[in-house]
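Visitor: I should like to learn how the features of a structure are read. May we go through them one at a time?

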Amino acid sequence: MTNLLPLLADYPLQNLNTFGIAARARQFLRIGHLEQLQAIYHDSQLKKLPRLILGGGSNLVLSDQVDALVVQMCLKGRQIIDEDDYFVHVEAAAGENWHEFVLWTLSQGVGGLENLSLIPGTVGAAPIQNIGAYGLEIQEVFDSLTAFDFATGNIVRIDKAACRFAYRDSIFKQAYKDRMVILSVRFALPKQWQARLNYADVAQYLNQQQIATPTAKEISNAVIAIRQAKLPDPVQIGNAGSFFKNPIVSAAQRHSLLDAHPRLVSYLQESGDYKLAAGWLIDQCGWKGRQLGQAGVYEKQALVLVNHGGATGAEVRALAVAVQTDVQAKFGVLLEAEPVFV
Ligand code: FAD
Ligand code: EPU
């Protein structure tokens, strides 16, 4: 084996997942060069091992023992590629920190990503669940990505249609799961920038600040302030953001739920279906602020499960099941987990 692959055995992952679960990896490797992925592909032993591609570890629920080769994506680099009459094309490597990348685009005078400020994690993970917040999903500003294909050993460029983006979903959580390693992501950011203020919290915040025509930077600051007030900082309290997706139900199902629960929080979708606020459903079941072992439901946002210190992966799963069971019993709606369970 060459020094391209300095493998570390029984490696601690507690500081590499925002839930702070004290997991250990059977084998661990930092990827700073594409050649390292190619070397794994050409190594008959390593290629056979189950793999976990790790970014910032902010959307994972780890088991205490991760019996896999964990590869942490540390590829760096970001640049403005080109521009035409309509778009500025910007690209970043998978290992770049997402929020720093957003701030960098703004510092270059390029707006378009500001509503996605302060989402933890890496650029390479952003397409996996089509990250979204405060009125924008990355699919709306996504151009294409490059990936290393572990089925063929080739580098491929994948365009937007092929990614099959949907709410908190893409082909990388489905058919390409465990196959494609994202190397870089390219965005097409509109030259005719327009403020995106359709999320009530953002409009309200700017209103309070008496900012009538906000710049992209002012929207970024607003989103940062709203997020800091609502969501726990993983440095202080372990979590993976929203633990469940907001469930989507038919207009008929929403109608009958509204009969029984007139204060139900729901949002009309383009399809005519409704997205329900899972946080409200969990809140109504009385789970906010409650704890099972060292895993708990965050006191300010019921959709976020937290680690009160020393929670195991099993405790987090047990709490998630208890919450799901109660929501299903009260509302007849099954909550689907958002983070990836390993
Ligand atoms: P990881 O957790 O390391 O990995 C997540 C998944 O992506 C895993 O399956 C992993 O194998 C895969 N993966 C990672 N990198 C690659 C790669 N280069 N190639 C192939 N596969 C890869 N998400 C939102 O959408 N909106 C939010 O508003 C939001 N808020 C959050 C707030 C908090 C406080 C926290 C902790 C999380 C939040 N999240 C949110 C979830 C999370 O930040 C995103 O899902 C983020 O994109 C995960 O990035 P990561 O690098 O940490 O990925
Ligand atoms: N609510 C309650 N009680 C709670 C929490 C929420 O009643 O404890 C109700 C409130 O009525 C509130 C509504 O739920 O108005 C929606 O709450 P919020 O605005 O906080 O948004 P969310 O639906 O809980 C989603 C995303 C977040 C994203 C925000 C902002 C999902 C699963 N979650 O949260 O994404 O940041 O909107 O766009 O779609 C993530 O994916 O990890 C994440 C944090």
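Visitor: With which side chain does the side chain of Asn59 make a polar contact?

Guide: In this predicted model, the partner is Gln129: the two side chains make a polar contact at 3.3 Å. A polar contact is read as a pair of N or O atoms within 3.5 Å.

Visitor: Where is Asn59 found, and which residues does Asn59 touch?

Guide: Asn59 is found in the loop that lies between β3 (51-54) and β4 (60-61). Leaving aside residues up to four places away in sequence, Asn59 touches Gln129, Ala240, Glu338, Pro339 and Val340.

Visitor: Is Asn59 buried or exposed?

Guide: A residue is called buried when its relative accessible area is under 20%. The value for Asn59 is 18%, so Asn59 is buried.

Visitor: Let us turn to the ligands. How many residues surround ligand 1, and which are the closest?

Guide: Ligand 1 is surrounded by 34 residues, of which Ile53, Gly56, Ser58, Thr122 and Arg227 are the closest. By character, this shell divides into 19 nonpolar, 13 polar and two charged residues. The elements β3, β8 (132-133), β12 (180-190) and β13 each supply at least two residues of the shell.

Visitor: Which atoms of the protein lie at polar distances from ligand 1?

Guide: One reads the atom type on each side. A backbone N or O atom of Gly57 is 2.8 Å from an oxygen atom of ligand 1. In the side chain of Thr122, an N or O atom lies 2.7 Å from an oxygen atom of ligand 1, and in the side chain of Arg227 such an atom lies 2.7 Å from a nitrogen atom of the ligand. On its own, ligand 1 has 980 Å² of accessible area, and the protein covers 93% of this.

Visitor: How many residues surround ligand 2?

Guide: There are 23 around ligand 2, the closest being Tyr134, Tyr167, Tyr199, Gln301 and Glu338. They comprise eleven nonpolar, five polar and seven charged residues. Domain 2 (78-190) and domain 4 (238-341) each give at least three residues to this shell.

Visitor: Which element gives the most to the shell around ligand 2?

Guide: That is α8, with three residues.

Visitor: Which side chains hold an N or O atom 3.1 Å from an oxygen atom of ligand 2?

Guide: Lys230 and Lys288 do. A polar side-chain atom of Asn246 is 2.9 Å from an oxygen atom of ligand 2. Taken alone, ligand 2 exposes 830 Å², and the protein buries 82% of that area.

Notes
Residues numbered from 1 in each chain as written. Chains lettered and ligands numbered in written order. Predicted model: local features only at pLDDT ≥ 70, side-chain atom pairs only at ≥ 80, totals over all residues. Heavy atoms only, no water. Near = heavy atom within 4 Å. Polar contact = N/O pair within 3.5 Å; in protein donor to acceptor, adjacent residues only side chain to side chain. Areas by Shrake-Rupley, 256 points an atom, 1.4 Å probe, with all protein chains shown as cover. Helix = DSSP H or I, 4+ residues; strand = E, 2+ residues; numbered from the N terminus. Nonpolar A, V, L, I, M, F, W, Y, C, P; charged D, E, K, R; others polar. Domains from an automatic or database assignment. Buried < 20%, exposed > 50% of the residue type's maximum accessible area, 1.4 Å probe, protein only. Contact = heavy atoms within 4.5 Å.
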